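Please open the model in a viewer with the backbone drawn as a ribbon. The tour below proceeds by selection, from the backbone framework to the side chains.

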Amino acid sequence: MRILYVTDFFHPHVGGVPSFFKNLTDSVSRLGHDVTVVTTHADGTKDFEKHNGMKIYRFGRTREQFLIG
């Protein structure tokens, strides 16, 4: 299955929502699904990266920049 998660904050941001989505995406990816995450930039992150088989695309630095696109 191909799964897309869109969240304004994702690892390495610290907090409940980023931690939840990190655990969720890791678990779903381990089950063999094709996981893509679209999120905001965090300090020191790239526009695109692969982590544990999932693709992570990062746009904007703030919630507003992310939502406006």
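**The sheet and its strands**

Begin with strands β1 (residues 2-6) and β2 (residues 34-39), which pair in the parallel sense over five bridges. Two strands are taken to pair if DSSP finds at least two bridges between them. Helices (H or I, at least four residues) and strands (E, at least two) are DSSP runs, numbered from the N terminus. The model is predicted: local features need pLDDT of at least 70 and side-chain atom pairs count only at pLDDT 80 or more, while totals for chains, interfaces and linings use all residues. Residues are numbered from 1 along each chain as its sequence is written, and side-chain values use heavy atoms, with hydrogens and water left out.

Select Tyr5 next; its bridge partner in β2 is Val37. Then follow the chain from β1 through helix α1 (residues 16-30) to β2, a β-α-β crossover that is right-handed. The term applies if, with the strands pointing away from the viewer, the path from the first strand over the helix to the second runs clockwise.

Remain on β2 and colour by accessibility. How many of the six residues of β2 are buried? Five are, and the strand is mostly covered. Buried means under 20% relative accessible area, exposed over 50%, and partly exposed in between (1.4 Å probe, protein chains only).

Now add the remaining strands. β2 also pairs with β4 (residues 54-58), in the parallel sense and over four bridges. β3 and β4 run antiparallel and are joined by four bridges. In what order do the four strands lie? The order is β1-β2-β4-β3, in an open sheet with mixed pairing. The edge strands are β1 and β3 (48-51), each of which pairs on one side only. On average, neighbouring strands of this sheet are turned by 20° against each other, direction ignored; axes are lines fitted to C-alpha atoms, for helices over the stretch in contact, and angles run from 0 to 180 degrees between N-to-C directions.

**Tyr57 and the nonpolar patch**

Select Tyr57, which is located in strand β4. Val38 stands opposite Tyr57, and so does Phe48. Tyr57 is partly exposed, at a relative accessible area of 32%.

Add Phe48 and Phe59 to the selection: with Tyr57 they make a nonpolar surface patch of about 280 Å². Patches are made of residues with over 30% relative accessible area and no salt bridge; like charges are joined within 9 Å, and nonpolar side chains (Val, Leu, Ile, Met, Phe, Trp, Tyr) within 5 Å. Accessible areas come from the Shrake-Rupley method with a 1.4 Å probe, and for residues only the protein chains shown count as cover.

**Salt bridges**

A salt bridge is a side-chain nitrogen of Lys or Arg within 4 Å of a carboxyl oxygen of Asp or Glu. By this rule the count is four.

Select Arg2 and Asp34, whose side chains meet in one of them (3.7 Å, N to O). This pair links distant parts of the chain, with Arg2 in strand β1 and Asp34 in strand β2, 32 residues apart. Arg2 is exposed, with a relative accessible area of 75%, whereas Asp34 is partly exposed at 28%.

Next, display Lys55, which forms a salt bridge with Asp34 (2.6 Å, N to O). Lys55 lies in strand β4 and Asp34 in strand β2, so this contact ties together parts 21 residues apart in sequence. Arg2, Asp34 and Lys55 are thus linked in a network of salt bridges.

Finish in helix α1 with Lys22 and Asp26, which are four residues apart and therefore separated by about one helical turn. Their closest N and O atoms are 2.6 Å apart in a salt bridge, and both residues are buried.
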